[in-house]
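Work through the exercises below with the sequence and the model at hand. Try each task before reading its solution.

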Amino acid sequence: MSEQIRVPVTGAAGQIAYSLLYSIGNGSVFGKDQPVILMLLDTTPMMGVLDGVLMELQDCALPLLKDVIATDKEEVAFKDLDVAILVGSMPRREGMERKDLLKANVKIFKSQGAALDKYAKKSVKVIVVGNPANTNCLTASKSAPSIPKENFSCLTRLDHNRAKAQYPDVNHAKVKLQGKEVGVYEALKDDNWLKGEFVTGEFVSMGVISDGNSYGVPDDLLYSFPVVIKNKTWKFVEGLPINDFSREKMDLTAKELTEEKETAFEFLSSA
C-alpha cells in the first residue's frame with residue numbers, strides 16, 4: 001500500500017465535485033492501492049451542504065479514504081498537499097460581461113494560488129477545472145511562484161474523451177468516387193479503420209504552460225497540447241503535422257487566450 005496523499009477539492013459542495021469525490025475515494029483516480037485524505041473546501045454559506053457531502057462519504061466506508069475534512073478555510077484545505085483539484089469558480093451569470101467574469105475569478109484563483117504557495121508542498125500537482133480554466137490556471141500559477149509552473153494544468157479533455165468514446169456512423173453516408181455516388185463502406189473497403197479507435201491512447205490532451213513548445217504557440221499561456229506522461233511528468237508530443245486550417249484555429253485560440261490573460265492580469269496586479 002502506498003503512502004497516503006492529501007487531496008483538496010474546491011467547490012466541493014457543487015454538482016461537479018459531488019460526481020468526482022466518490023471516484024477519488026474508491027481509487028478510480030489515483031489507483032487501487034493509493035490511500036487518500038480528502039479535503040473539501042467551499043464557501044462559508046455552503047458549509048451546511050458540505051457537511052452532508054462529508055457524511056455521505058463517511059457512510060460509504062471506502063477502504064482507501066482515510067479521512068474527510070470539510071472546511072471553508074484555505075489554510076486548512078491546502079496544508080501539505082500532494083494534489084489539488086480546483087473545481088470551484090464563478091460561473092457566468094445573466095448580464096455578466098466577460099471582463100466581470102474574469103475579475104471575479106482572478107480574485108478566487110489569486111487567493112487559492114497564494115494559499116498553495118504558502119501551505120502546499122512544492123511538489124504539489126494542481127489541476128484547474130473551473131472555467132475559464134486556462135486563464136484561471138495561469139492566474140493560480142502566477143500567484144504561486146515557488147511552485148513549478150509545469151505542475152499546473154487545466155482540464156481540456158472533454159473533446160478528447162468524446163472522440164475516444166464515439167464512433168463514425170457512416171451507414172447512410174455517401175461519397176462521390178470517380179463520378180459515381182457510393183456508400184462510404186464500399187468506398188473505403190476498410191472496416192477496421194471505421195470500427196477501430198477514433199483517437200488512440202498514444203497521447204492525451206492537457207492544458208499546460210506553453211513555454212518551449214514547437215507548435216508556434218506564444219510562451220506564457222495555458223494552452224491545450226498533445227502530451228505523454230511518464231513518471232508523473234508530462235512532455236510535449238513533438239512533430240505532429242499542422243495543416244493550414246488547424247494553424248488558423250490554433251492561432252485564433254492563442255489570440256483569444258492572450259487577450260484574456262492580459263485582461264485578467266490587469267485585475268491581478270490591482271487585486
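The exercises that follow deal with helix packing, then with a cavity and a pocket.

The model is predicted, with local features needing pLDDT of at least 70, side-chain atom pairs counting only at pLDDT 80 or more, and totals for chains, interfaces and linings using all residues. Residues are numbered from 1 along each chain as its sequence is written, and side-chain values use heavy atoms, with hydrogens and water left out.

**Exercise 1.** Describe how helix α1 packs on helix α2.

*Solution.* Two packed helices are described by the angle between their axes and the distance between the axes. Helices are DSSP runs of H or I with at least four residues, strands are runs of E with at least two, and both are numbered from the N terminus. Axes are lines fitted to C-alpha atoms, for helices over the stretch in contact, and angles run from 0 to 180 degrees between N-to-C directions.

Step 1. Helix α1 (residues 15–25) and helix α2 (residues 47–60) have axes 11 Å apart, at an angle of about 25°. The angle therefore makes α1 roughly parallel to α2; angles under 35 degrees count as roughly parallel, over 145 as roughly antiparallel, 65 to 115 as roughly perpendicular and the rest as oblique.

Step 2. The crossing of α1 past α2 is right-handed, a term used if the near helix is turned clockwise from the far one by less than a right angle.

Step 3. Tyr 18, Leu 21 and Tyr 22 of α1 make the contact with Val 53, Glu 56, Leu 57 and Cys 60 of α2, where contact means heavy atoms within 4.5 Å. By class, this contact has six nonpolar residues, no polar ones and one charged. Ala, Val, Leu, Ile, Met, Phe, Trp, Tyr, Cys and Pro count as nonpolar, Asp, Glu, Lys and Arg as charged, and the others, Gly among them, as polar.

**Exercise 2.** Analyse the packing of α4 with α5, and then that of α4 with α9.

*Solution.* Step 1. Helix α4 (residues 98–119) packs on helix α5 (residues 133–142) at about 40°, with the axes 8 Å apart. That angle makes α4 oblique to α5. Leu 102, Asn 105, Val 106, Phe 109, Lys 110 and Gly 113 in α4 meet Thr 135, Asn 136, Thr 139 and Ala 140 in α5. This contact of α4 with α5 contains four nonpolar, five polar and one charged residues.

Step 2. The axes of α4 and α9 cross at roughly 55° and come within 9 Å. These two helices, α4 and α9, are therefore oblique to each other. On the α4 side the contact includes Arg 98, Lys 99 and Lys 103, and on the α9 side Glu 260 and Phe 267. The contact of α4 with α9 has five nonpolar, one polar and five charged residues.

**Exercise 3.** Which residues line the largest cavity, and which helix supplies the largest share of its lining?

*Solution.* Step 1. On a 1 Å grid over the protein atoms alone, a cavity is a set of points where a 1.4 Å probe fits but cannot get out, and a pocket is an open set with protein on both sides within 12 Å along at least five of seven lines; lining residues have an atom within 4 Å of a point.

Step 2. The largest cavity is lined by Asn 134, Thr 135, Leu 138, Leu 221, Leu 222, Leu 257 and Lys 261. Helix α5 supplies the largest share, three residues.

**Exercise 4.** Which strand gives the most to the lining of the second largest pocket?

*Solution.* Strand β9 gives the most, with four residues.
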